[in-house]
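Hi,

Here is the structure I said I would pass on. Have a look at it first, and my notes follow below.

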Amino acid sequence: LARLGYAILIHYNKAIIQAETLKNSIFDNGGWADVVQADLKQASQIDQLFQKVDQIGRPLQVWVNSAAIMTAGDILKVDEESWSQTMNLNLRAALFCSIKASERMQAGGSIINVSDYFAQQAWRVHPLYGLSKAALEHLTRILASRLAPHIRVNALGLAPVIPPDGYPENDWQGILSRSPGKRAINGEEIGRALEYLLTNEYISG
């Protein structure tokens, strides 16, 4: 996005070092960026996030919903806490952020939800993650219909990117073996996919 000329606001929850490193890299390459901390599982912190957006004083043109957690477990042993944690971040936050982003966008704005190849699979190891991503894709179609024609809404159904913290290597390799490309997708490929959606203005939903 920075290479396309966008000013970037980088959200993080706990990964401040990675966020600051990315910000510095963008500045080093002639772009502009800032960082903001928020736990998007908390609705009040979504409000704080958009207060930061407003303070920047630049028009909001693109919003990317990518925050997610992936917790393993048996669907028959799901508890209320794991359900709430997963759905509040992977689905509810995307909806609330999209609403607030759309309120600030002018015609030509774009919202992109980051989904997953496994949204369309019966993934028994991470059932809530797959369920939340399937719902996110349906939400994408609803928002695209509601916000058309002035704001476009799309989803990227990505192959695996990086393993969760502490994820066993054998399990990660098993995930990769079941993905279409049999490997992890890299940042450059994600960037090209984003650019495709942003530069083809007839694509929505």
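**Salt bridges and the first helix**

R104 and E103 pair up through their side chains in a salt bridge, with 3.9 Å from N to O. Keep in mind that this is a predicted model. How exposed are the two partners? R104 has 29% relative accessibility and so counts as partly exposed, while E103, with a relative accessible area of 58%, is exposed; the cut-off for exposed is over 50%.

The total for the model is 9 salt bridges, and two others are worth opening up in your viewer.

One is between D39 and K41, where the closest N and O atoms are 3.0 Å apart. Buried or exposed, these two? Both D39 and K41 are buried, which means that each has under 20% relative accessible area.

The other links R192 to E188, at 4.0 Å from N to O. Both residues belong to helix α6, which runs over residues 187-199, and they sit 4 residues apart, about one turn of the helix. That spacing makes sense for a pair on one helix: an α-helix has 3.6 residues a turn, so residues three or four places apart point the same way. R192 comes out at 47% relative accessibility, so it counts as partly exposed, and E188 is partly exposed too, with a relative accessible area of 40%. The pair is also part of something wider, since R3, E188 and R192 are joined into one network by salt bridges that share partners.

Now to helix α1, residues 16-28. Does its length come out long, short or as expected? Its 13 residues should span 18 Å at 1.5 Å a residue, and the end C-alpha atoms are 18 Å apart, so the two agree.

Which residues of α1 are buried? They are A19, K23 and I26. These residues cover an arc of only 60° around the axis, and therefore lie on the same side of α1. As for what they meet there, the buried residues of α1 pack against β1 (8-12) and β2 (33-37). Turn the helix round and you find the exposed residues I17, Q18 and D28 on the face directed away from the buried side.

One last thing to check in the backbone: after α1 comes G30, which has a positive phi, near 90°.

If you only have a minute, I would start with the buried pair D39 and K41, then go to the network of R3, E188 and R192.

Cheers

Notes. Residues are numbered from 1 along each chain as its sequence is written. This is a predicted model: local features need pLDDT of at least 70, side-chain atom pairs count only at pLDDT 80 or more; totals for chains, interfaces and linings use all residues. Side-chain values use heavy atoms; hydrogens and water are left out. Buried means under 20% relative accessible area, exposed over 50%, partly exposed in between (1.4 Å probe, protein chains only). Helices (H or I, at least four residues) and strands (E, at least two) are DSSP runs, numbered from the N terminus. The expected span of a helix is 1.5 Å times one less than its number of residues. The arc is that of the directions from the helix axis to the C-beta atoms. Contact means heavy atoms within 4.5 Å.
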